[in-house]
Amino acid sequence: MKKLTFLLLLLLSCTAVFAQDASVQMDDALKSNGKIYVVVTVMAIIFTGIAIYLFTIDRRLKKIEKEK
Amino acid sequence: MKFIYQTWWKVVAVLLVFSTIFTGLLFPVPTLPILHETIRNLYFHVPMWMGMLTVFVVSVYFSIKYLRHGNEEDDLAAVECVNVGLLFFSLGLLTGMLWAKYTWGQFWSGDPKQDSAAIAFLLYCAYLILRNSIDEEQKRAKISAIYNIFAFPIMIVLIFVLPRMTDSLHPGSGGNPAFGKYDLDNGMKIAFYPAMLGWSFIALWIATIRYRIRLIENKKNAIN
């Protein structure tokens with residue numbers, strides 16, 4: 001489970017890197033519409049992170065509850 | 001209580017809120033004076049209050065259940081619901097203050113909606129203080145359950161009824177139409193309803209996590 005979350009986090013960090021990389025180009029979707037897509041991506045990353053975090057807490061709790 | 005251990009509704013909640021990040025920020029919104037793009041806050045500020053309301057309702061349910069059956073677990077569920085409700089209450093107040101700064105001019109303008117929300121916040125803080133001031137468990141559970149049942153309707157009146165009867169800057173008050181009447185067109189509902197539902201379930205989810213931790217702590221501290 002820990003490996004899986006780590007992998008997901010790595011993947012997520014990649015998307016952020018890609019976003020920066022892609023912004024060098026001029027005809028980039030992330031740059032259009034007053035760069036609102038950048039905000040959308042940032043919020044999506046934050047919320048995904050929090051959701052994954054909540055799911056891992058949930059899973060850890062389940063483990064502890066089973067031990068009891 | 002099997003419901004709280006299931007995963008499907010947590011996934012649904014996450015997907016609902018996740019979708020609103022895209023629909024809420026990218027879909028067209030009505031162009032209104034003063035508000036401009038901040039109308040999109042509707043998808044993020046209002047669901048905080050919906051989440052708070054959901055866990056407070058659940059809390060009252062468990063308080064009533066405690067008074068009927070005297071199960072300690074129901075009392076613990078009620079407290080943890082109030083704890084999470086206060087978190088969402090604070091988030092709602094803070095986001096509201098920021099929104100007010102750029103539409104009403106000040107973070108805190110003494111608006112009836114803001115003032116009565118602050119009073120309701122203190123009302124629920126008093127609940128936690130009352131709880132922590134009683135050492136004997138059954139007494140604490142009973143008194144705080146009764147307080148909780150009375151605090152809930154007072155909170156409803158303070159936040160959702162009284163400000164609407166006077167002049168308030170907040171939508172839905174004193175002849176000031178709520179968003180629902182003219183502005184919340186069908187396009188906005190696509191993001192608004194999923195946000196309301198999604199955040200309600202996320203509030204509930206956090207409450208169930210806290211409740212489960214509390215159960216384990218309670219078991220550990222029990223004298224056998």
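These are legends for a set of close-up views of a predicted model.

**View 1. The largest nonpolar core, mapped onto the helices of chain B.**
This core counts 51 residues. The members that touch the most other members are B:Met52, B:Val55, B:Ala78, B:Cys81, B:Ala203 and B:Ala207. Helices that give two or more residues to the core are H1 (8-26), H2 (46-69), H3 (72-103), H4 (112-132), H5 (137-165) and H7 (186-221), each of them in chain B. H7(B) brings the largest share, at 12 residues.

**View 2. Zooming in on B:Cys81 and what it touches.**
Which residues does B:Cys81 touch, once those up to four places away in sequence are set aside? The list runs B:Val55, B:Phe56, B:Val58, B:Ser59, B:Phe62 and B:Ala207. B:Val55 and B:Ala207 turn up again among the core members that touch the most others, and B:Cys81 itself is on that list too.

**View 3. H3(B) against H7(B), a right-handed crossing.**
The axes of these two helices come within 8 Å and cross at roughly 135°. With that angle, H3(B) is oblique to H7(B), because the roughly antiparallel label starts over 145 degrees. On the H3(B) side, the residues that meet H7(B) are B:Glu73, B:Leu76, B:Ala77, B:Glu80, B:Cys81, B:Asn83, B:Val84 and B:Phe88. Across from them, H7(B) puts in B:Ala203, B:Ile206, B:Ala207, B:Arg210, B:Tyr211, B:Arg214, B:Leu215 and B:Asn218. Sort the residues of this contact by type and you get 10 nonpolar, 2 polar and 4 charged.

**View 4. H2(B) against H5(B), a left-handed crossing.**
Here the axes come within 9 Å, and the crossing angle is roughly 140°. That makes H2(B) oblique to H5(B). H2(B) offers B:Phe56, B:Ser59, B:Val60, B:Ser63, B:Ile64, B:Tyr66 and B:Leu67 to the contact. They meet B:Ala141, B:Lys142, B:Ala145, B:Asn148, B:Ile149 and B:Phe152 of H5(B). By type, the residues of this contact divide into 9 nonpolar, 3 polar and 1 charged. Two of the H2(B) residues, B:Phe56 and B:Ser59, also touch B:Cys81.

**View 5. B:Ala13, a spot in helix H1 of chain B.**
Is B:Ala13 buried or exposed? B:Ala13 has 22 C-beta neighbours inside 10 Å, so it counts as buried, the threshold being 20 or more. Leaving out neighbours within four places in sequence, B:Ala13 is in contact with B:Gly198, B:Phe201, B:Ile202 and B:Trp205. For a sense of scale, take B:Ala141: from B:Ala13 it is 128 residues away in sequence and 31 Å away in space, C-alpha to C-alpha.

**View 6. Where chain B touches chain A.**
The contact pairs up 13 residues of chain B with 14 residues of chain A. On the chain B side, H1 and H7 each supply at least two residues. Which of chain B's elements gives the most? That would be H1(B), with 7 residues. By type, the chain B side divides into 11 nonpolar, no polar and 2 charged. As for the partner, chain A has 2 helices and 0 strands, and buried residues make up 0% of its 68 residues.

**View 7. Two positive phi values in the loop between H1 and H2 of chain B.**
B:Ile34 has a phi near 65°, which is positive in a residue other than glycine. B:His36 does something similar, with a positive phi of about 50° although it is not a glycine either. How exposed are they? B:Ile34 has 10 C-beta neighbours inside 10 Å and so counts as exposed. B:His36 has 12, and therefore counts as exposed as well, since the exposed label covers 12 or fewer.

**View 8. B:Arg164 in helix H5 of chain B.**
B:Arg164 has 18 C-beta neighbours inside 10 Å, so it counts as partly exposed. Exposed stops at 12 and buried begins at 20, so a count of 18 falls in between. B:Asn186 is 22 residues away from B:Arg164 in sequence and 24 Å away in space, C-alpha to C-alpha.

Key:
Residues numbered from 1 in each chain as written. Chains lettered and ligands numbered in written order. Predicted model: local features only at pLDDT ≥ 70, side-chain atom pairs only at ≥ 80, totals over all residues. Core = buried A, V, L, I, M, F, W, Y, C linked by C-beta atoms within 7 Å. Helix = DSSP H or I, 4+ residues; strand = E, 2+ residues; numbered from the N terminus. Contact = placed C-beta atoms within 7 Å. Nonpolar A, V, L, I, M, F, W, Y, C, P; charged D, E, K, R; others polar. Axes fitted to C-alpha atoms, helices over the stretch in contact; angles between N-to-C directions. Parallel < 35°, antiparallel > 145°, perpendicular 65-115°, else oblique. Left-handed = near helix turned anticlockwise from the far one by under 90°.
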